[in-house]
Structure formats: C-alpha cells, structure tokens
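Please take a moment with the sequence and the model shown below. The paragraphs that follow move from one pair of residues outward to the sheets, helices and domains around them.

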Amino acid sequence: MHKHKSNPILDAKLDAVSLSIKQSIKNLDSFTHVRGESLYVDDVNIRQGTFHAVVFDAPKAHGHIKHIDYSKAEALEGVERIFTYKDIPGKNQIGGIIPDEPLFAEDDIHFWGMPIALIVAESEFIARKARALIEIDIEELPVITTAKQAKAKGSFINAPRSFSLGDSEKAFKDCEYVFEGETFSNGQEHLYIEAQGAYAEPLENGNIKITSSTQGPTAVQKTIAQVLGVAMHKIEVDVTRLGGGFGGKEDQATPWAVMTALATFHLNQSVKLILNRHDDLRMTGKRHPYESTYKIGLSKDLKIMAYEVEFLQNSGAAADLSPAIAERTLFHATNSYFVPHVKTTVISCKTNLPPNTAFRGFGGPQGMFVIESAIAKAASEIGVPARVIQEANLLDENDTFSYGQVAKKVEAKNTWSSATELFNITLLEQEVETFNANNSNFKKGLALMPITFGISFTNTPMNHARALVHIYLDGSIGISTAAVEMGQGVNTKMMQIASEVFSIPIEKIKIETTNTTRVANTSPSAASSTADLNGKATLKACKTLLKRLISVASEDLNISEEHIQLKDEYVYTHGEKSNLSWTELISKTMLKRVALTENAHYATPEIHFDKTKEKGHPFAYHVYGTAIIIVTVDCTRGTYEFDAVKIVHDYGKSMSEGIDLGQVEGALAQGIGWMTMEEIAYNDEGRLLSNALSTYKIPDLFSVPKEVEVLPVKTDGHELAILKSKAVGEPPLMYGIGAYFALQNAIRAFNPKYDLKFHAPMTPEKVLMSLYENK
C-alpha cells in the first residue's frame, strides 16, 4: 500500500473545499426525463417467461374472513399460482417500528384494500380477470374511520407522547388573553406519477434480485429476508430512480417488493407487480389526518406565554411510520415561535383505514397548522392582525425549543424582516384594502407564514450514510451511495461534489443505481437529509482519494504536497499548470498500486435525543423562511386564485440555485393543495370515495399561484449542511399553510360575521358556505 505523510497545510486546503460552479449546474436528470428515456421499474427489460401479478385485497374495512374460494380463479387458463399467508416460509410480518402489520391477511381484515392474496399469471390481464372470480365471505365488524372515534373506543397504536417546557398550567393564570379551539387537517394522497411496483428475478444459489420503486432499499431487503426466512445477503435490492415518492415509498413500497420476492422464491421465475392507479389509491396510506384541540395564552403585549395542544393522529390500521411522524409533530408544534411554557401531547389512534404513512413534512405541517390556527383565533378575538402576534413571538438566538435544543444560527427574524421589507408588506396590505373597498363581488386576502423546520432523522441512529467511489483507469468516476433520486436532483449534487473536488468535467462522472450490495445498511432517502448525509459521505471519500492523488503527484514531480492542486484536468504546481494531466496521474497512481477506490462513512455529529426524558439536540440545524400569500376570492362562486406568493427562504449557501428553486416551488404547490383542495374522503364503512382524479383534485396549471417570487436570505449557511447548502425538500411545503389563512382573511373581508374555522382543506365549497354564513 502506497502511503503518504500527513500534511497539515494540505489537510486544511481539503477541508476548505467548496463549490465554485454552484449556480451553473442544472438537474442533469431532466435531459432524459423530457426525452422519455429515464428508466423506472416498469421499463426494466423482463426475462422471457416472466409472470405478472395482481393483488387480491379486502372489499370491506373490518371483519372476520369466514371463507374464501379461489377455485374458479385458479382454474382460469394462464393463472400460475395464488399465494396467501400460508405460503410464507418466514414471518407474515412487514411492520417496521411496531410488528403489527401482516403481509397478507390471515383470519381478520382491518382496512378496505388490505392485501389477502397475490395472483400470479402469464399476463396482468389474466391476473385481473382471475381476481374478479375470487369469492369471499366476510363477517363484518364495527368500523372506525376517525381519530375521535378511536379515542372514544380506546383504540390506539401505542402510548401517547408529550413534550413540555416550563409550567403551562401556572402560566395560563397570569395571561391577559386565553383562547381555546379545535382544528382538523385532512390527509393527502401522494399521487406520485410512477405507481407502486417491483420486479423480482431469481439468481443462482437461491439469491433474488429486486428492482423496486422504494425510498428505502435496505428496509425492503430486510423485510424480504424476514418474510422468506433467509439471510439478507441472499436479497439484492436495486433502485435506478423513482417517478416521485413524497414519503409514500419510504415504508409503503415494501409490501409489493416482498410479494414479488415471495412468488419468485417459490416459482424460481421472474415476477413483476405494478399497481394501477385505482389499486394504488385504494391500498396505500396517505398523509395523516389530525384532529386537535389547543389552548393558547398571551400577555398584554401579545407574547405567547403558554400553549397546550392535544393532537389526535389518525394512524390507520397499523403503525407503519406513525410513531415517528407523531414525534415530529411534537418537534414542530411551536413552528417559528418561542413559547416559554408548552405542553404538547400526541395520540396515535388506530382506525380501519389503510395505514397512513410518511408524507413530505412528516407530521411537521400538521403541528404547524394548529399553532397558526391558534394565533389566527387569538388575533381575531383581540382585534389585531395575525402578523402582529406572529412577529412578536419569532424565535431568537439561544431560545429553547420544547424538546430541549437551544436554537443557534436563527434566521426566523431575518427572513421575516427581509420578506416584509423587500416585498413592502405595508404597500401590499394597502393594495388589498383598496381592492376590497372598491370591489363587492371579489375580495382579496393576505397572510404571512413563517417556517422553522429541523433537519435530521429524529431517530438519531438513522443519521448516517456511506459512499463508494471508484476512479477508473481512464479517469472517469463511478459513485454509489444510498441516495435515491426521485426528482429532487440529489444525483446531480453528488456529481457536483466529485466534479469540484477533482476539478474534472461532470460528464466524466456517473452515479450508479442505489443498490444494497454496493452500499449496505442504509437509511431511507427521507427527512430532507439525503443530500446532507450522502453528500458528506461522498465528499469524505473524494477528499481521501484526492489526498492519495496529490501524494503520487508530489513524488512524480518532486514538489511538496502543499504546492500541488488539481485544476481543469491537470496538476498545478505553485499555481502553474504542469505537464501532468488528470488521466496520466490516474495511470501513475495505478502503476504505484495506490487504491483508486474509497468507501467512506459519515455520521452526523452533535445530535442526540433521550426519549425517556423527551429532551436533547435532535437536529443538525434548522431551515427558516417567511412567505407572503395573496389570494382573490370570487364571492359569487366561492372559487379563488392565488395572485402571488412572495418568499424569502433560507437556502444556506445553495449548491444549485435552479434545483433548489424548483424544490421550493414544487413543495409550495403541494402545500397549497393540501390546505385548499386535496380532500381525502372515506365513507362510514371505510371505503375510499376520492378514488380517482375525477374525485380527488390536485393543483394543476390553472390553480397554482400566478406569481411565485423566491429570494434567498443572506446567511453564512451551516457547516453540517453539505457544503453549507441547506436541505430544501420538505421545509417549503409549510409555506402553503399560509394559503388557508389568506382565504380566511378574504372571506372576512366579504362577511365580517364569519366565524373563523380551522378545518382544512378550505375547498371552494367551504369558502362559498363561509362567505354567506350568518348573513
């Protein structure tokens, strides 16, 4: 092994690596996306003889299975086999946090859409035809669909959790104003363009390879091994990219991959399962609906002195990720505000709906909506604009969150003042008032929405990642990480890092598929931490390789290491270009038998959290921002248009302004959709009614804001963010919460008698009824 001496000057130079090409890099995946050349699970070239699968699922929400007759389906020509729980060689269990979710129903069903069997046939058409021939007799049992019903019946996923700070009970006695109220925020369908799916193929010696549309390849690998009763090394999971995830493929991509693996295990033949849109909508969980009650107390000068809230989380029929999502709700219950006396409690309620799951924001938006509702209620009762209370309570440096972390590098007031000054909030409010005074059939509303969002998995052990970097003999580079590309541009950022460290064109770098054989034991691509964790690991690997290359160049050129750098595919000495090119350096390194491969591990430092005390320092850093939302309501029809959303956002030192801006705009639209139009509906029997795009409305080109302006706040960034470029996936979704309150303000302008309600989404139907309430 070729060795080099530690060089403090060189080490300092390497530690100072930063990007100089940040602004110029675009999402490199977009080229193949727009040409239709990007590969997804359904694009995999399948083996000859591959079988196709369809899931037979429960046609009722709760009941006892008395009898199932598969005979007609099994007799259909082209049907190979129907698999049930009886065919599972290992454990019939796919629950991650809590083992409470069977892969296939056994004696009882707990939600409409619960998988009962897998039909494997020569074609998907035959499998679907067979599904219609299955006869099932169910003894129906009582159905619970709401969190309040579950609480009343004592139906819970696990024990409640609470965070507290100070003494809220005592503090309320000293408050000038105390208000109480209720809120409801509905679920949200992920509606990724690529539906859930997986493709399993047998390898030699009983090994199985799974191509899966998942955010968590290791979770898929581990669960398959558990269900099949084999070791994890027998299972290889590979992911090229996802056609959208939004959290819906963090845990809920797992069962479909397990089913294909089970069929392949028995048949020794490839099996493909792709859910169609209706099956996907019916069988998968959504964002958690929350029913919450709050109590807020303010001083005479409008400081929030005390705040209590009970969150009822509608978890669905099994835990899935509900306990972790509930935890993040507590972490973000006070949003961007410092409240000295807090008590927040979350109860995960077990209902007969599909297990609800991760969704962009992971419980944070549900928590933030409640405190923003409480502030709106207090402002209305006191007779001041909500923004006066918001501004008076913004976080400051060294304030303490209810979970014990002390706020550092706080940008809450900075983003607020920047937004109100740069966009001239006084003028905007005057324009709204003037418009409303001169128009009787249309009214405008304006609201501000500050955000503070912690970055890290709140489960500390999950905050780690690895990267495997190869430099090939011709100087090209291959990088493997645990990062799953799903439209957020993480592959581009990984390539950026290597390109800058080695000073070579990005065209010489390839990001390999995400594969459990190359990079094992990984956390999912989630929690807005994918670029930070995997980027830090990639940076660490690249720096180690760079040290080796500089050592080789130093020996070859007989120049001290501190005077050597790589620039534009050449070795530079004392700032001057030498004759030693990048490719020649790689060749010399290989001839000296110096490793051109590095496997690096990164674990986020500093973070910790003690769940026995509910105190700690769970986040590497926080992302801050402030949005101003303006809406115009048609007071005859109840319809509305968002005129503008003006945002000052904390990117840190953005690696790629184009990618990050796209994330802000996309998250904003998704947040507005959740708050205004995306209405999940189940009937009392637990059947999904919003089961098609004709009955479930998402933002389209005609419903997004007419104008979105996003300005970066001036900040030094944070050293725990990759190259000080802060996470951008989830935080901007919370800006959409302001849309709800902008609508409320427009309604109030038309109907002063309107009694504020906090029942999201604020659909056009609700707007219309509110406009004429008490008139």
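In this predicted model, a good place to begin is Ile 208, which stands opposite Ile 235 in strand S11. The two residues belong to a pairing in which strands S10 and S11 run parallel and are joined by four bridges. Strands of a sheet pair through backbone hydrogen bonds, and they may do so in either the parallel or the antiparallel sense.

Is strand S11 itself buried or exposed? Five of its five residues are buried, so S11 is largely enclosed by the rest of the structure. In a regular strand the side chains alternate between the two faces of the sheet. In S11 both faces are covered, since Ile 235, Val 237 and Val 239 are buried on one side, while Glu 236 and Asp 238 are buried on the other. Helix H7, made of residues 217-228, lies across S10 (208-212), S11 (235-239) and S20, and the helix runs at about 150 degrees to S11.

These strands are part of an open sheet of eight strands with mixed pairing, whose order is S3-S5-S1-S12-S9-S10-S11-S20. Strand S3 (79-83) and strand S20 (514-515) stand at the edges with a single partner strand each, so one side of each has no neighbour in the sheet. Elsewhere in this order, strand S9 (residues 197-202) and strand S12 (residues 271-274) run antiparallel and are joined by four bridges, and the partner of Gly 197 in S12 is Ile 274. Helix H4, residues 124-131, lies across S1 (51-57), S3, S5 (115-121) and S12, running at about 25 degrees to S1.

A second sheet can be followed in the same way. This open sheet of four strands has the order S16-S27-S28-S29, again with mixed pairing. Its edge strands are S16 (442-455) and S29, each of which pairs on one side only, and neighbouring strands of the sheet are turned against each other by 15 degrees on average when direction is ignored. Strand S28, residues 640-649, pairs with S29 in the parallel sense over six bridges, and Lys 646 stands opposite Glu 709 in S29.

The loop between helix H18 (657-676) and strand S29 (707-712) holds Asp 700, which counts as partly exposed because its relative accessibility is 29%. Asp 700 and Ala 669 are 31 residues apart in sequence, and their C-alpha atoms are 8.9 Å apart in space. Helix H19, residues 737-750, has eleven of its 14 residues buried, so this helix is largely enclosed by the rest of the structure; among the buried residues are Tyr 740, Phe 741, Gln 744 and Phe 750.

On a broader scale, the protein is divided into domain 1 (406-460 + 614-775) and domain 2 (464-603). The C-alpha centres of the two domains lie 39 Å apart, and 19 residues of domain 1 are in contact with 20 residues of domain 2. Between them the domains bury about 1500 Å², with 60% of this area on carbon and sulfur atoms. On the side of domain 1, Phe 457, Met 655 and Ile 722 lose the most area to domain 2, and together they account for 44% of what that side buries.

The cysteines complete this walk through the model. A search of the whole structure finds zero disulfides. Cys 175 counts as buried at 13% relative accessibility, and Cys 349 is buried with a relative accessible area of 0%.

Key
Residues are numbered from 1 along each chain as its sequence is written. This is a predicted model: local features need pLDDT of at least 70, side-chain atom pairs count only at pLDDT 80 or more; totals for chains, interfaces and linings use all residues. Side-chain values use heavy atoms; hydrogens and water are left out. Two strands pair if DSSP finds at least two bridges between them. Contact means heavy atoms within 4.5 Å. Axes are lines fitted to C-alpha atoms, for helices over the stretch in contact, and angles run from 0 to 180 degrees between N-to-C directions. A disulfide is a pair of cysteine sulfur atoms within 2.5 Å. Buried means under 20% relative accessible area, exposed over 50%, partly exposed in between (1.4 Å probe, protein chains only). Domain bounds come from an automatic or database domain assignment. Buried area is the accessible area (1.4 Å probe) that two parts lose on being put together, summed over both.
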